[in-house]
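Q: Please take a close look at one place in this chain where the backbone does something less usual for its residue type. Then connect that place to the rest of the chain in one continuous answer, and explain each term when it comes up.

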Amino acid sequence: MRILVTGSEGYIGSVLMPLACAQGHDAVGLDAGWFSQCTFGPATGRQSFICADVRDLRSSDLRGFDAVVHLAALSNDPLGSLDPQLTFEINYKATVRLARLAKEAGVVRFVFSSSCSSYGAAGNALLDENASCAPVTPYGRSKVLAERKLAALADDRFTPVILRNATAYGPSPRLRLDLVLNDFAASAATSGHIVIRSDGSPWRPVVHVEDICRAFLAVLDAPQAAVHNQAFNVGRTEENYRVRELAEMVRRTVPGCRVEYARGGGPDKRCYRVDCGKILRRVPGFVPHWTVPDGVRQLHEAYYDAGFVDADLQSPRYVRLKTLQGLLAEGHVDTALRWSDRSEPVGAVV
């Protein structure tokens with residue numbers, strides 16, 4: 001299958017691309033390159049890659065692809081709040097435009113990377129895909145709006161599939177420390193303590209980044225009838241934890257680690273538990289491999305091997321909001337997050 005992967009240079013995309021190629025897919029990456037300097041670990045080879053912004057694509061750019069895996073976005077709640085209007089432009093409007101262009105170009109399957117944060121302030125109930133969405137951030141709202149428009153494009157020639165990923169964790173060539181478990185494990189490894197900035201009570205479903213990638217690949221390979229115009233929670237139902245429980249699992253893994261609570265930390269409005277049974281029933285090709293204890297040990301080893309120190313926790317390299325703020329402050333991108341000093345033409349294969 002020939003696949004276009006948008007956001008291929010991001011946290012998930014840089015893990016997905018080699019896995020897709022290893023499974024025999026002809027995968028082509030596309031990325032604006034905002035986070036190209038946010039590298040972690042040994043250098044990895046780059047697969048076929050197009051340097052472009054998804055907002056600038058044309059229908060002709062998508063011809064010849066069997067599927068689009070759409071990861072490109074302002075990719076978490078703090079980043080989405082940087083400029084709510086720009087979040088809607090990129091995460092919502094550009095997503096819908098891309099899907100329409102893909103359909104026009106004859107692309108059959110469009111797999112959209114959504115988020116369980118769409119459920120927002122849901123409390124303690126265990127939610128399946130039929131639950132009401134109640135997002136509390138611009139990022140979450142942009143994902144819900146995009147899901148609705150994508151569903152309206154479905155017909156016998158075009159199959160949108162929505163993957164609502166749980167909160168990701170695990171090493172990646174484009175590591176992020178603005179993810180709760182990655183952050184806790186890094187803090188424990190470098191400073192010996194974890195700081196919880198809420199009261200620790202909110203629920204979070206979590207899933208390893210490799211298992212997210214396995215879900216995308218399984219959905220691509222699944223029969224159309226199993227996934228056509230369907231939404232799936234991605235993760236393990238048993239891997240819903242309170243934030244304080246995640247911190248405790250890291251503490252038990254890292255000798256001498258202690259857990260602290262930031263003064264004045266109150267409850268986080270984002271609180272949700274999800275049922276991930278549907279994807280296991282309808283897409284048997286998806287078999288998650290990771291659990292949190294195994295993932296924490298993997299992260300701890302990865303930080304050790306990389307020589308991580310406390311200063312790395314403050315580096316803009318691993319926090320998407322700080323990276324973009326730096327690019328803006330230095331004039332490399334304008335307020336619409338378009339490159340001011342990039343020489344590669346749109347669509348250049350590099």
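A: Leu-337 sits in the loop between helix 12 (320-329) and strand 15 (348-349). Helices and strands here are DSSP runs, numbered from the N terminus: H or I over at least four residues for a helix, E over at least two for a strand. The model is predicted, so local features need pLDDT of at least 70 and side-chain atom pairs count only at pLDDT 80 or more, while totals for chains, interfaces and linings use all residues. Residues are numbered from 1 along each chain as its sequence is written, and side-chain values use heavy atoms, with hydrogens and water left out.

The backbone angle phi of Leu-337 is near 60°, a positive value in a residue other than glycine. Leu-337 is buried, because its relative accessibility is 1%; buried means under 20% relative accessible area, exposed means over 50%, and partly exposed lies in between (1.4 Å probe, protein chains only).

Asn-229 can be set beside Leu-337. Asn-229 is not a glycine either, and its phi is positive, near 55°. It lies in the loop between helix 7 (224-227) and strand 11 (230-234). With 33% relative accessibility, Asn-229 counts as partly exposed. A positive phi also occurs at a glycine: Gly-106, with phi near 90°, follows helix 3.

Helix 3 itself covers residues 84-105, which is 22 residues. From its first C-alpha to its last, helix 3 reaches 30 Å, close to the expected 32 Å; the expected span is 1.5 Å times one less than the number of residues. Helix 3 bends by about 30° at Ala-94, where the bend is the angle between axes fitted to the seven residues ending at that position and the seven starting there.

Back at helix 12, the loop on its other side holds Gln-314, between helix 11 (310-313) and helix 12. Gln-314 is exposed, at 52% relative accessible area. Its C-alpha is 9.5 Å from that of Leu-177, although the two residues are 137 positions apart along the chain. The opposite case is Ala-218 and Glu-248, which are 30 residues apart along the chain and have C-alpha atoms separated by 32 Å.

Ala-218 belongs to helix 6 and is buried, at 8% relative accessibility. Apart from neighbours within four places in sequence, Ala-218 is in contact with Val-283, Gly-285 and Phe-286; contact means heavy atoms within 4.5 Å. In strand 8 (residues 167-169) is Thr-167, which counts as buried at 17% relative accessibility. Leaving out the same range of neighbours, the contacts of Thr-167 include Leu-179, Arg-204 and Tyr-272.

What does the largest nonpolar core consist of? It has 36 residues, and Val-69 and Leu-163 are those with the most contacts inside it. A nonpolar core is a set of buried Ala, Val, Leu, Ile, Met, Phe, Trp, Tyr and Cys residues joined through side-chain atoms within 4.5 Å. Several elements supply at least two residues each, among them strand 4 (67-70), strand 7 (159-165) and helix 6 (209-221). Helix 6 gives the most, with nine residues. Val-69 touches residues that include Ile-3, Val-111 and Phe-216, neighbours up to four places away not being counted. In soluble globular proteins, nonpolar side chains tend to be buried together.

Cysteines are a separate matter. A disulfide is a pair of cysteine sulfur atoms within 2.5 Å, and by this rule the count is zero. The sulfur of Cys-133 is 9.4 Å from the closest cysteine sulfur, that of Cys-116, which is too far for a bond. For Cys-276, also in no disulfide, the nearest cysteine sulfur is again in Cys-116, 6.0 Å away. Cys-133 is partly exposed, at 26% relative accessible area, whereas Cys-276 is buried, at 1%.

For the chain as a whole, the protein has twelve helices and 15 strands. Its radius of gyration is 19 Å, close to the 20 Å that the globule rule gives for 350 residues, so the protein is as compact as a globular protein of that length. That radius is taken over C-alpha atoms, and the globule rule is 2.2 Å times the number of residues to the power 0.38. Buried residues make up 55% of the 350 residues.
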